[in-house]
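Q: Hi! Could you walk me through this model before I set anything up?

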Amino acid sequence: MPVTKAEAALLSRRTGMKVEDFTWSNKGILTLMNSDITKACMFLLTDSDEKYAEGICSVYDIRPKGCQMYPTVLDKHDMAIIDDGCPYGKEFPEPSEEDSITLLNLEERLMRGE
Ligand code: SF4
């Protein structure tokens, strides 16, 4: 999951971890690392390494905007859609135009390295 610098700083303050210990640079975009053990986001509390394993986000109240929006993502035409890789996608309402704008603004901030 991509994160802005401000979101990474907040996660760092909350968890006491250094930003470089929970992010990596994906073509210049700060991205949350996965745990070597669970293969899921390192902030997901789970004891399973199975895909779609249940778990609890340990930073839920300060989770990044991309996490808040998921499974709504942008398609190649910059329209908000439900990610077809999400097994619970059918439980979510159809994305709105406002969702597209929110995700486009987020993408722009990430691309600018903010
Ligand atoms: S919601 Fe929490 S566990 Fe899931 S990707 Fe975001 S930070 Fe990680």
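Q: Thanks. What covers the buried residues of α1?
A: The cover includes β1 (23-26) and β2 (29-32). Helices and strands here are DSSP runs, numbered from the N terminus: helices are H or I with at least four residues, strands are E with at least two. "Buried" means that 20 or more other C-beta atoms lie within 10 Å of the residue's own; 12 or fewer makes it exposed, and anything in between is partly exposed, with C-beta atoms placed from the backbone.

Q: Good. Anything I should know about the model itself?
A: Yes, this is a predicted model: local features need pLDDT of at least 70, side-chain atom pairs count only at pLDDT 80 or more, and totals for chains, interfaces and linings use all residues. Residues are numbered from 1 along each chain as its sequence is written.

Q: Back to α1, then. Which of its residues are buried?
A: In helix α1 (residues 5-15), they are Glu7, Ala8 and Leu11. Looking down the axis of α1, these buried residues fall within an arc of 100 degrees, so they line one face of the helix. The arc is that of the directions from the helix axis to the C-beta atoms.

Q: And which residues are exposed on the other side of α1?
A: Ala6, Ala9 and Arg13.

Q: What follows α1?
A: Gly16 does, and its phi is positive, near 75 degrees.

Q: Which residues make up the largest nonpolar core?
A: It has 8 residues: Val3, Ala8, Leu11, Phe22, Leu30, Leu32, Phe43 and Val59. A nonpolar core here is a set of buried Ala, Val, Leu, Ile, Met, Phe, Trp, Tyr and Cys residues joined through C-beta atoms within 7 Å. The elements giving two or more residues to this core are α1 and β2.

Q: What does Leu11 touch?
A: Setting aside residues up to four places away in sequence, Leu11 touches Phe22, Val59 and Ile62. Contact means that the two C-beta atoms, placed from the backbone, lie within 7 Å.

Q: Over to β1. Is Thr23 buried or exposed?
A: Thr23, which is in strand β1, counts as buried because it has 23 C-beta neighbours inside 10 Å. Apart from neighbours within four places in sequence, Thr23 is in contact with Val3, Ala8, Leu30, Thr31, Leu32 and Met33.

Q: New topic: which residues are around the ligand?
A: Met1, Leu32, Cys41, Phe43, Leu44, Cys57, Val59, Arg63 and Cys67. A residue is near the molecule if its C-beta atom, placed from the backbone, lies within 6 Å of it.

Q: How many of that shell are nonpolar, polar or charged?
A: The count is 8 nonpolar, no polar and 1 charged. For these classes, Ala, Val, Leu, Ile, Met, Phe, Trp, Tyr, Cys and Pro are nonpolar, Asp, Glu, Lys and Arg are charged, and the others, Gly among them, are polar. Leu32, Phe43 and Val59 appear around the ligand and also in the largest nonpolar core.

Q: I'd like to check the backbone too. Where is the cis peptide bond?
A: It joins Tyr70 and Pro71, with omega about 15 degrees. Pro71 is in the loop between α2 (65-69) and β5 (72-74).

Q: What about phi of Lys27 and Tyr52?
A: Lys27 has a positive phi of about 55 degrees although it is not a glycine, and it lies in the loop between β1 and β2. Tyr52 is another non-glycine residue with a positive phi, near 65 degrees, and it is in the loop between β3 (44-45) and β4 (56-57).

Q: Are those two buried or exposed?
A: Lys27 counts as exposed because it has 6 C-beta neighbours inside 10 Å. Tyr52 counts as exposed with 11.

Q: Where does Leu106 sit, and what does it touch?
A: Leu106 is in helix α3 (residues 97-111). Not counting residues up to four places away in sequence, Leu106 touches Lys65 and Gly66. It counts as buried, with 21 C-beta neighbours inside 10 Å.

Q: Last one: what's the overall pattern along the sequence?
A: The protein chain runs α-β-β-β-β-α-β-β-α, with 3 helices and 6 strands. Its radius of gyration is 14 Å, close to the 13 Å that the globule rule gives for 114 residues, so the chain is as compact as a globular protein of that length. That radius is taken over C-alpha atoms, and the rule is 2.2 Å times the number of residues to the power 0.38.
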